[in-house]
Amino acid sequence: MEIPARHILRQGCNSVVENNELLVDWSLIENCNWRCSYCFADRRYVSKFIPSLEQLKCAADNLLAMNKSRYYLYLIGGEITIIPHFVPFIEYLNEIFGDKVELMLVTNGYRPWQYFDNLIALSRNKLNITISIHSEFVKLDRLVSIVENISPKATLSFGLLYHLGKKAYVKEIFSVLSEMKKNYRFGLSIAPVLVPPSYTEADPNYTAEDHTWMKKGNKTCKLLEKISGTEPDSVWPFTLNYDVLEDGVERSLTSAAMTDKLTEGYLNFKDMYCCQGIGYFYLSHTGECRGSRCPINIGPVANFFEPGAQLYQVKKFPVAMKCQLDNCVCAPHHILPKFRDLRETLAFVRNAHKKIAMEHS
Ligand code: SF4
Ligand code: SF4
């Protein structure tokens, strides 16, 4: 039976909050070596600013001073590997965080496999690499060599954008990579291109046939890896919790169960209170810290390129924002605690503030 989105009472990743962990959604750079026609690039990726190694190290030091039990650093751009000091930065993160850090990189895959091999050699924990495949620029032979050489050593995943202007090439890439899934462990999924202004809706020019092809392709991938015993590790190590009302009874569901039950609108948290800045926050390429990267946030609360910025949390975070969007599109936001009831929200925020204040006293 389907459960409507308005019957979601609570949502988020309980373990991250309970275990005092932190996912940092870190946009290291807003520039790229490519200019995909459908990218935010036209509007957003005009910043030539590249943070210095000293600024990046300062932000990392501030994060470490927050004394979390575990850090998930989700490093995205633009294209992060065009930062000239990206490799020394990764080296520094491993040095100061040690086993407490899990690095999750998102790249367009223009670097050869040897580049990633070097990053793997520097990493204490298994590196998590997601490659967004952009068919206007990507070279298929490069992706093939990354699968052959990197998939045995890292958690590797590909997100293939179904660009309508490059249908034939997209299908060729899919055919080659899905065939490789029989022998190698890596994730592969097809996603639609999202369109402005909100970038939450799929391109309206997709036909029913296009949607069917994407759906079928994603199903084929799952089937292939099951049959071949090559199921990859999940690139996203968070279990989402849903408390819902089903037939008037409150029930708890995990992400796996929710996909069956909440087939429509399971990422629709409209009118719920979204508690930002706990278990997750966003860092911009200029060091600004916000509770989310969605348009609903209270604005920057600190700059992590300044020493001592970690102390912001005593006063500001978590902060409850009333969600006004129909689709919570960015995966990192799915772990934020969300509540339907205002009183419950306020109690959660109050307790979190008390706890953080005690940790800093
Ligand atoms: S590779 Fe990604 S960031 Fe770069 S232009 Fe293409 S879509 Fe934008
Ligand atoms: S869309 Fe924004 S405000 Fe709404 S739940 Fe997601 S992160 Fe929170």
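Of the 12 residues around ligand 1, which come nearest? In this predicted model, the residues that come nearest to ligand 1 are Cys32, Trp34, Cys36, Cys39 and Asn108. Sorted by class, the shell around ligand 1 holds five nonpolar, five polar and two charged residues.

The surroundings of ligand 2 were listed in the same way. Phe269, Cys274, Ser292, Cys294, Ile296 and Met321 belong to the residues that surround ligand 2, and so do Cys323, Leu325, Cys328, His333, Leu336 and Lys338. The shell around ligand 2 comprises nine nonpolar residues, two polar residues and one charged residue. The charged residue is Lys338, and the two polar residues are Ser292 and His333. Cysteine counts as nonpolar in this scheme, and Cys274, Cys294, Cys323 and Cys328 are among the residues of the shell.

Two helix pairs were examined, and helix H5 takes part in both. The first pair consists of helix H4, residues 113-122, and H5; the two axes come within 9 Å of each other and cross at roughly 30 degrees. Angles under 35 degrees count as roughly parallel, and H4 and H5 are therefore roughly parallel to each other. The crossing in which H4 passes H5 is right-handed. On the side of H4, the contact is made by Trp113, Phe116 and Asp117, and on the side of H5 by Ser145, Ile146, Asn149 and Ile150. These residues divide by class into four nonpolar, two polar and one charged. The charged residue in this contact is Asp117 of H4, while the polar residues, Ser145 and Asn149, belong to H5.

The second pair consists of H5, residues 140-150, and helix H6, residues 167-180. The axes of H5 and H6 come within 11 Å and cross at roughly 15 degrees. H5 and H6 are therefore roughly parallel to each other as well. H5 passes H6 in a crossing that is right-handed. From H5, the residues Leu140, Leu143, Val144 and Val147 take part in the contact, and they meet Glu172, Ile173, Val176, Leu177 and Met180 of H6. By class, eight of the contact residues are nonpolar, none is polar and one is charged. The charged residue is Glu172 of H6.

Some backbone features were also noted. Most residues other than glycine have a negative phi, and most peptide bonds are trans. Two cis peptide bonds are described here. One runs from glycine 77 to glycine 78, with omega near 20 degrees. Glycine 78 is located in the loop that lies between strand E3 (70-76) and helix H3 (86-97). The other cis bond leads from phenylalanine 317 to proline 318, and its omega is near 0 degrees. Proline 318 is placed in the loop between helix H9 (312-315) and strand E16 (319-322).

Positive phi values were found at two asparagines. At asparagine 20, a residue other than glycine, phi is positive and near 55 degrees. This asparagine 20 sits in the loop between helix H1 (14-18) and strand E2 (21-27). Asparagine 20 counts as partly exposed because it has 16 C-beta neighbours inside 10 Å. Asparagine 67, also not a glycine, has a positive phi of about 60 degrees. The loop that contains asparagine 67 lies between helix H2 (53-65) and E3. With 11 other C-beta atoms within 10 Å, asparagine 67 is exposed, since a residue counts as exposed if 12 or fewer such atoms lie within that distance.

Note on methods: Residues are numbered from 1 along each chain as its sequence is written. Chains are lettered from A and ligands numbered from 1 in the order in which they are written. This is a predicted model: local features need pLDDT of at least 70, side-chain atom pairs count only at pLDDT 80 or more; totals for chains, interfaces and linings use all residues. A residue is near a molecule or strand if its C-beta atom, placed from the backbone, lies within 6 Å of it. Axes are lines fitted to C-alpha atoms, for helices over the stretch in contact, and angles run from 0 to 180 degrees between N-to-C directions. Helices (H or I, at least four residues) and strands (E, at least two) are DSSP runs, numbered from the N terminus. Angles under 35 degrees count as roughly parallel, over 145 as roughly antiparallel, 65 to 115 as roughly perpendicular and the rest as oblique. A crossing is left-handed if the near helix is turned anticlockwise from the far one by less than a right angle, and right-handed if clockwise. Two residues are in contact if their C-beta atoms, placed from the backbone, lie within 7 Å. A residue is buried if 20 or more other C-beta atoms lie within 10 Å of its own, exposed if 12 or fewer, and partly exposed in between; C-beta atoms are placed from the backbone.
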